[in-house]
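Good morning, colleagues. Please look at the model on the screen; I shall begin with the ligand site and then turn to the overall fold and two helix pairs.

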Amino acid sequence: MWEEPCISGNKGSGAVFFSGCTLRCIFCQNYKISAENYGKTINAQRLADEFKKLESLGVHNINFVSPTPYTVEIIKALEIYKPKIPIVYNCSGYENTETIKALNGYVDIYLPDLKYSDNELAKSYSNAPNYVEIAKNAIAEMISQTGENLFDEIGMMKKGVIIRHLVLPSHTKNSIGVIDIIKENFPQALVSLMCQYIPMYKAKTHLKLSRKITLREYEKVKNYLFMSGLDGFVQELNSADEKYIPKWNYNE
Ligand code: SF4
């Protein structure tokens, strides 16, 4: 229920979390699945069954979270069963353009992160020294596929791109650079500014990352976003709470 309003609506988004990630962020809140590969091995048929099951619960969309390492199997599953509700591709931004091209026609909404405007930070925090260029190219391909953002009569997104950015403590300059990149390259995209950062995983003991962001830091980035004229969403500062982090525990 805690995605952007046009994704969660009042019936929720049907999230499917995939183990692993294209990045290895030292502050990952879902490190158990992204870095430690917590999860269960299933095949494309079972994945298709899960889409069907989620759809039957009445959710607004099927939301793949960090899906990129499984693109081939996801396409197989969508060939078996393509839900009638939108498919959301929720990813780190660190995707090969060829991978995104392969998803053309299967995905309706892209929710990429744009984490960094500074490749030095991307290298230190996510082991991705060329993040900025890779993410810019991937997002350009996403936008060229979906075209203009499209919503239904109750404001739910049917098609389009929302670029997410999580503000990190001590790094407002990085966030301002990200807003500049979006304004210059993707002025038509919606921006989702996030402040839910909580020091987790290796960030707990990091000199700059071992605290939540301050109100002053968030206000600075928010004001810059408002001044930029970009459209989108801003999270409430009280979203930085562990209760919003899923607990990984299943038996099936
Ligand atoms: S991109 Fe997101 S899910 Fe992947 S490692 Fe970074 S914070 Fe975790």
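The ligand is surrounded by Cys 21, Leu 23, Cys 25, Cys 28, Ser 34, Ser 92 and Lys 115, where a residue is near a molecule if one of its heavy atoms lies within 4 Å of it. This shell comprises four nonpolar, two polar and one charged residue. In that classification, Ala, Val, Leu, Ile, Met, Phe, Trp, Tyr, Cys and Pro are nonpolar, Asp, Glu, Lys and Arg are charged, and the others, Gly among them, are polar.

A word on the source: this is a predicted model, in which local features need pLDDT of at least 70 and side-chain atom pairs count only at pLDDT 80 or more, while totals for chains, interfaces and linings use all residues. Residues are numbered from 1 along each chain as its sequence is written, and side-chain values use heavy atoms, with hydrogens and water left out.

Now the overall fold. The protein chain contains nine helices and eight strands; these are DSSP runs numbered from the N terminus, helices being H or I with at least four residues and strands E with at least two. Its C-alpha atoms occupy a box of roughly 45 × 40 × 35 Å along the principal axes. For 252 residues, a compact globule would have a radius of gyration near 18 Å, and the 17 Å of the protein chain agrees with this. The radius is taken over C-alpha atoms, and the globule rule is 2.2 Å times the number of residues to the power 0.38.

Next, the first helix pair on my list. How do helix 3 and helix 4 cross? The axes of helix 3 (residues 44-56) and helix 4 (residues 71-80) come within 8 Å and cross at roughly 60°. Axes here are lines fitted to C-alpha atoms, for helices over the stretch in contact, with angles from 0 to 180 degrees between N-to-C directions. The two helices are therefore oblique to each other; angles under 35 degrees count as roughly parallel, over 145 as roughly antiparallel, 65 to 115 as roughly perpendicular and the rest as oblique.

Finally, helix 8 (residues 172-185) and helix 9 (residues 215-228) pack at about 15°, with axes 10 Å apart. Helix 8 and helix 9 are therefore roughly parallel.
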